[in-house]
There are 2 protein chains.
Amino acid sequence: MPKHQSAGAGGSTLLGIEERRTRTAGASSALDRWLTRRILAESGQPPLTIELWDGTRIEPEPPPADIVARVEIRDRRTLYGLLVNTDVAFGDALSADRIRVHGDLVTLLETIYRSADAAIPRDSWKRRVTAWLNRPRRNSRSGSKSNIHHHYDIGNDFYRLWLDQEMVYTCAYYPREDATLEEAQQAKMDHVCRKLELRPGQHVVEAGCGWGALAIHMARDYGVHVRAFNISHEQIRYARKRAAALGLDGQVEFVEDDYRTVEGKYDAFVSVGMLEHVGVDNYRALGEVAARVLKSDGRGLIHSIGRNAPAPNNPWIERRIFPGSYPPSLSEMSVIFEPQEFSVLDIENLRLHYARTCRAWLERFETAADRVEAMYDSDFVRAWRLYLAGSVAAFTTGSLQLFQVVFAPGESNEVPMTRDHVYPRN
Amino acid sequence: MPKHQSAGAGGSTLLGIEERRTRTAGASSALDRWLTRRILAESGQPPLTIELWDGTRIEPEPPPADIVARVEIRDRRTLYGLLVNTDVAFGDALSADRIRVHGDLVTLLETIYRSADAAIPRDSWKRRVTAWLNRPRRNSRSGSKSNIHHHYDIGNDFYRLWLDQEMVYTCAYYPREDATLEEAQQAKMDHVCRKLELRPGQHVVEAGCGWGALAIHMARDYGVHVRAFNISHEQIRYARKRAAALGLDGQVEFVEDDYRTVEGKYDAFVSVGMLEHVGVDNYRALGEVAARVLKSDGRGLIHSIGRNAPAPNNPWIERRIFPGSYPPSLSEMSVIFEPQEFSVLDIENLRLHYARTCRAWLERFETAADRVEAMYDSDFVRAWRLYLAGSVAAFTTGSLQLFQVVFAPGESNEVPMTRDHVYPRN
């Protein structure tokens, strides 16, 4: 059985857990059991068993044919926490080993996503209140810096354990069923470069460059000059070192600054996996930046996690993993393009590629779980396991999408007639 | 010199024109000349000469290097009309031969589009008032029928003169530079069918089927069953006859009714060139129809003229050519998809293909202009010449876009990983 099928069996916090268990020992009451049934009903009666701390097992009514997993709630405080803000309480309790999942975590989360989506009407009062309560933090320049630091400056050594060798932390593109993560990340970068029709000598600005893989790929394989922005100190340091080692430091400039400070004129504007951290309030400003820096015959590409319709971010992800993050719907994204009268040329939805990418990350993460625990602790391992498994589930169930949008200044006729350049016939 | 370079030189209305000229004979006044300069200034000083009825020529200030055309205003009433509602007055006067264009009509219109766009600020009071004044007619079911009758029931013989042999009256797809209109319309239908991944035996519903070319193409070349809706009596009659002649009447059913009455479940929902006539108020209902009739693993495609940002339709086109029409921006189109939580899989902008399609139609129309005049009159010829030339200009300058949107129910994982199926490697 893979380790993640029984989350939190690690030894180092076992003592702490036992203490908690002792503190809330005792039989579950009729109220406890009634509340548990309420939680199942509010979640749309997903086919899972909830086991309380005294061994009592509760199932949805009527009992479903296939139970996908058993969720063990290990003390009364955890049960009561689930009543207040279910997503946050569930994530925190799973991380702290106060909830244990017996069964496949991804399957459980997929089941919960599908069931909850069906249970709550789309325009309901509850969704709107939840949306307001869970609104993301604002991304002022200083706010962005602190939000980004929270996630991306955990340590390059940690990410190296489970990302591909070039440290690409965004949705890959699997051109074939049997492509590896490494191949799929290379293919994604080529997919982006082809969509932008990069030609040697052109100048590209990149907003949010991660560890620099795409900037380096564009410079090395497409012969362009790149100016790449990022506010994560750790990532910029890593990217500069790598560019220097490859002798590309004359061709790629990594700028440790907010993308909004960018100056000059460029043939292409590219941003892969940054928009999730920008916040809807700042989309118009992002569009203004793109309009200001793009040459009249230039092209832009924005690649971002998104939604089929506006919805709040998962509040546990927003609080514990990605502060300030928000995946927009296409109508929300249009605020980037329409006020500038950009012409949207091409939108591709790569949702199933991100489900596969996250699954590859989760598998590598599990393989390295002992080393992650040695670097941090077992709570950290459980929290990141939940985040990665939850991401697989969100993309598999369609709760999240991945949009790649190509655009150009509205007055430009230097746009491709067809998309044949993206699909070369060899 | 092609005939359309000097619009309205036809003989049959020459007498009428002379009468009008006589009625307003006399020298232009200082006021007339001042007003003419105001019109040029309000239009952003486009590089053209305006010639008044007494031969006075007025040019923008400062005089531009390259004058693209000379616009002859043939009486005082026409000049004053231009001050009130410029677009409508210009279109009507050109149709009635009270304005003549000396020079290439498409080039003139492109110049006017570009110049006007630059002259009026995007968020200006003037744009908003114009938008309100020029709001399109509503498309209730009875309103739609009258609006559609106005355009599509002019007579099949007329459209046969300048459309391709299969009477496809929507944007073509030019896979190669040297493709003919006939080839490009076939390629467009294949492009649509590939995007929908049609397989033999599947059931397709088409909303707004024109003269039936796509429905017949899907049935004949992809082996699907098609139920195609249209409220134009003339078009349905033609389509039924053609399907019967091809022995496809068992496989394609043409329904003379509003698409909103459609019942049943289908593998694909397709609508090519109908959305322009639906009206934003009815987009949500259109989405509901698509959601109601699509199987959970089905796919939809909507192909429509659009805009980079919301803007009023050209009021002359809306009044004289296409009552009730409105080209939406992507944010406006999102009202079809987001309330139903459809997953948008693919958006392609085929703007330059429509510029080319309209140019091909204009060229064929010019070749047949004498026959069109014999069928109707010279005012009709000039009006349609302006409409076709204006369409070329609108797509060339980016005033109009052409969006092809592929979507699927949000919960479906029966969606393609890549777009390789649209671009077969032979």
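How many bridges join strand β1 (residues 48–51) of chain B to β2(B), and do the two run parallel or antiparallel? The close-ups below, all taken from a predicted model, start with that pair of strands.

**View 1. The open sheet of chain B, with its β1–β2 pair.** Here is the answer: 2 bridges join β1(B) to β2(B), and the strands run antiparallel. One spot to look for is Glu51(B), whose bridge partner in β2(B) is Arg57(B). Zoom out a little and you'll see that the pair belongs to an open sheet of 4 strands in chain B, ordered β2-β1-β3-β4 and with mixed pairing. The edges of this sheet are β2 and β4 (99–102) of chain B, each of which pairs on one side only. As background, strands in a sheet pair through backbone hydrogen bonds, either parallel or antiparallel.

**View 2. The open sheet of chain A, with its β1–β3 pair.** In chain A, look for an open sheet of 4 strands that reads β2-β1-β3-β4 and has mixed pairing. On its edges sit β2 (57–58) and β4 (99–102) of chain A, with partners on one side only. This time the focus is on β1 (residues 48–51) and β3 (residues 69–73) of chain A, which pair in the parallel sense over 4 bridges. To get your bearings, find Glu51(A): opposite this residue, in β3(A), is Glu72(A).

**View 3. A cis proline in the loop between β2 and β3.** In chain A, the peptide bond running from Glu61(A) to Pro62(A) is cis, with omega near -5°. Pro62(A) belongs to the loop between β2 and β3 of chain A. Now hop over to chain B: the bond from Glu61(B) to Pro62(B) is cis too, with omega near -5°. Pro62(B) sits in the loop between β2 (57–58) and β3 (69–73) of chain B.

**View 4. Helix α9 of chain A and the loop that follows.** Asp190(A) lies in helix α9 of chain A. Which residues does Asp190(A) contact, once its neighbours within four places in sequence are left aside? They are His217(A) and Tyr222(A). For Asp190(A) and His217(A), the separation is 27 residues in sequence and 8.3 Å in space, C-alpha to C-alpha. Also in this view is the loop between α9 (181–195) and β5 (203–207) of chain A, which holds Glu197(A). Glu197(A) has a positive phi of about 50°, even though this residue is not a glycine.

**View 5. Where chain A meets chain B.** The contact draws 50 residues from chain A and 50 residues from chain B. The area buried between the two chains is about 4,100 Å², with 42% of it on carbon and sulfur atoms. On the chain A side, Glu338(A), Met417(A) and Arg419(A) lose the most area to chain B, together 18% of what that side buries. A count of polar contacts across this interface gives 28 residue pairs. Several elements of chain A each supply at least two residues to the side that touches chain B, including α5 (105–119), α15 (351–367) and α17 (378–397). The largest share, 8 residues, comes from β10(A). By type, the chain A residues on this side split into 17 nonpolar, 17 polar and 16 charged.

**View 6. A salt bridge across the interface.** Between chain A and chain B there are 4 salt bridges. The one to find here links Arg419(B) with Glu348(A), and their closest N and O atoms are 3.7 Å apart.

**View 7. Strand β10 against strand β10.** β10(A) and strand β10 (residues 342–349) of chain B run antiparallel and are joined by 3 bridges. A handy landmark is Ile347(A), which stands opposite Ile347(B) in β10(B).

**View 8. How the two copies are related.** Give chain A a turn of 180° with a shift of 0.0 Å along the axis and it can be laid on chain B with an RMSD of 0.0 Å. That is the relation of a two-fold axis. Why can we say that the copies meet through the same surface? Because 100% of the interface residues of chain A are also interface residues in chain B.

Notes:
Residues are numbered from 1 along each chain as its sequence is written. Chains are lettered from A and ligands numbered from 1 in the order in which they are written. This is a predicted model: local features need pLDDT of at least 70, side-chain atom pairs count only at pLDDT 80 or more; totals for chains, interfaces and linings use all residues. Side-chain values use heavy atoms; hydrogens and water are left out. Contact means heavy atoms within 4.5 Å. Buried area is the accessible area (1.4 Å probe) that two parts lose on being put together, summed over both. A salt bridge is a side-chain nitrogen of Lys or Arg within 4 Å of a carboxyl oxygen of Asp or Glu. A polar contact is a pair of N or O atoms within 3.5 Å; within protein, one must be able to donate a hydrogen and the other to accept it, and residues adjacent in sequence count only if both atoms are side-chain atoms. Ala, Val, Leu, Ile, Met, Phe, Trp, Tyr, Cys and Pro count as nonpolar, Asp, Glu, Lys and Arg as charged, and the others, Gly among them, as polar. Two strands pair if DSSP finds at least two bridges between them. Copies are superposed by least squares on the C-alpha atoms of residues with pLDDT of at least 70 in both.
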